[in-house]
Amino acid sequence: MRIRAAMATALASAGILLAGWQSGAHVAETTTSTTTSLSSSMSAGSSAANGSTAESTTAATYDGASVQTRFGTVQVQVTIQNGKITEVTPLQLTDAERKSAQISSRAAPVLRSEVLRAQSANVQTVSGATVTSEAYLTSLQAALDAANF
């Protein structure tokens, strides 16, 4: 049974890697343009300035390393925009057993909110999900390192 589980994990990891390779990019950048309307008056005695400026914001996503645990593989993706972590998305969470999947699905949102609040991978592990938390944060740190964040 362990051999079958190991083979399934290896095939799943290979599939993820192949899909990423075929997509052609590990870092995707999107640029959006927002227009800010400026309506302000200058100091006393000067005229009011009305106008608009275009401000460009770039969001980049970075995939973290796949971290193997005894309960399965964990991998996350981080989105960084304007020098801030704006999203952390789990690409793969532990799922070796039904219990592992339940723990991961409970821990991932908690870790996400803590990372967004702290703006780093330096957060505490979730109680009862230590292995998953440590793998999540390890993968996240690899993504942040790739982003030079």
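Here a visitor asks how some labels on this predicted model are earned, and a guide answers.

Visitor: How do you know how far to trust the protein chain, going by pLDDT?

Guide: The mean pLDDT of the protein chain is 76, and 62% of its residues reach 70 or more. Over residues 14-55, though, the pLDDT is below 50. That stretch still has 49 contacts in the model beyond near neighbours in sequence.

Visitor: What makes up the secondary structure of the protein chain?

Guide: You'll find 3 helices and 5 strands. Walk along the sequence and the pattern reads α-β-β-β-β-β-α-α.

Visitor: How much of the protein chain is buried?

Guide: Of its 149 residues, 29% count as buried, and the cut-off for that word is under 20% relative accessible area. The chain exposes about 9500 Å², with carbon and sulfur atoms supplying 54% of that.

Visitor: What makes you call β4 mostly covered?

Guide: A plain count does it: 9 of the 10 residues in β4 are buried.

Visitor: Why is Ile80 called buried or exposed?

Guide: Let's set the value against the cut-off. Buried means under 20% relative accessible area; Ile80 has 11%, so Ile80 counts as buried. You can find Ile80 in strand β4.

Visitor: Which residues does Ile80 touch, leaving aside its neighbours within four places in sequence?

Guide: Among them are Thr58, Tyr62, Thr86, Leu144, Ala147 and Phe149. Contact here means heavy atoms within 4.5 Å. Take Ala147: C-alpha to C-alpha, Ile80 and Ala147 are 8.1 Å apart in space, while 67 residues separate them in sequence.

Visitor: How do you know that β3 and β4 pair?

Guide: Two strands pair if at least two bridges are found between them. Strand β3 (residues 67-69) and β4 have 3 bridges, in the antiparallel sense, so by that cut-off they pair. For a spot to look at, Gln68 stands opposite Thr73 in β4. A hairpin through 2 residues joins the two strands.

Visitor: What makes β4 and β5 a pair?

Guide: Same kind of check. The cut-off is at least two bridges, and 7 bridges join β4 to β5, which run antiparallel. In one of these, Val76 has Pro90 in β5 as its bridge partner.

Visitor: What makes Asn82 worth a look in the hairpin of β4 and β5?

Guide: The hairpin has 2 residues between the strands, and Asn82 takes a positive phi near 55° there. Most residues other than glycine have a negative phi. Asn82 is not a glycine, yet its phi is positive. You'll spot Asn82 in the loop between β4 (72-81) and β5 (84-92).

Visitor: Why is Asn82 called buried or exposed?

Guide: Exposed means over 50%. Asn82 has a relative accessible area of 53%, so Asn82 is exposed.

Visitor: Where is Asn148 found, and what is its phi?

Guide: Asn148 is found in the segment after α3 (130-146). Its phi is near 55°, a positive value in a residue other than glycine. Its relative accessibility is 73%, so Asn148 counts as exposed.

Visitor: How many salt bridges does the structure hold?

Guide: There are 2.

Visitor: Why are Glu87 and Arg112 called a salt bridge?

Guide: The cut-off asks for a side-chain nitrogen of Lys or Arg within 4 Å of a carboxyl oxygen of Asp or Glu. The side chains of Glu87 and Arg112 meet at 2.6 Å, N to O, so they fit the definition. Glu87 lies in strand β5 and Arg112 in helix α2 (residues 98-118), so the pair ties together parts 25 residues apart in sequence.

Visitor: What makes Glu87 partly exposed?

Guide: Partly exposed sits in between the cut-offs of 20% and 50%. Glu87 has a relative accessible area of 26%, so Glu87 is partly exposed. With 30%, Arg112 is partly exposed too.

Visitor: Why do Glu114 and Arg117 count as a salt bridge?

Guide: Their side chains meet at 2.7 Å, N to O, and the limit is within 4 Å, so the name fits. Both residues lie in helix α2, 3 residues apart, about one turn of the helix.

Visitor: How exposed are Glu114 and Arg117?

Guide: Glu114, at 28% relative accessibility, counts as partly exposed. Arg117 has a relative accessible area of 61%, so Arg117 is exposed.

Notes:
Residues numbered from 1 in each chain as written. Predicted model: local features only at pLDDT ≥ 70, side-chain atom pairs only at ≥ 80, totals over all residues. Heavy atoms only, no water. pLDDT = per-residue confidence, 0-100. Helix = DSSP H or I, 4+ residues; strand = E, 2+ residues; numbered from the N terminus. Buried < 20%, exposed > 50% of the residue type's maximum accessible area, 1.4 Å probe, protein only. Areas by Shrake-Rupley, 256 points an atom, 1.4 Å probe, with all protein chains shown as cover.
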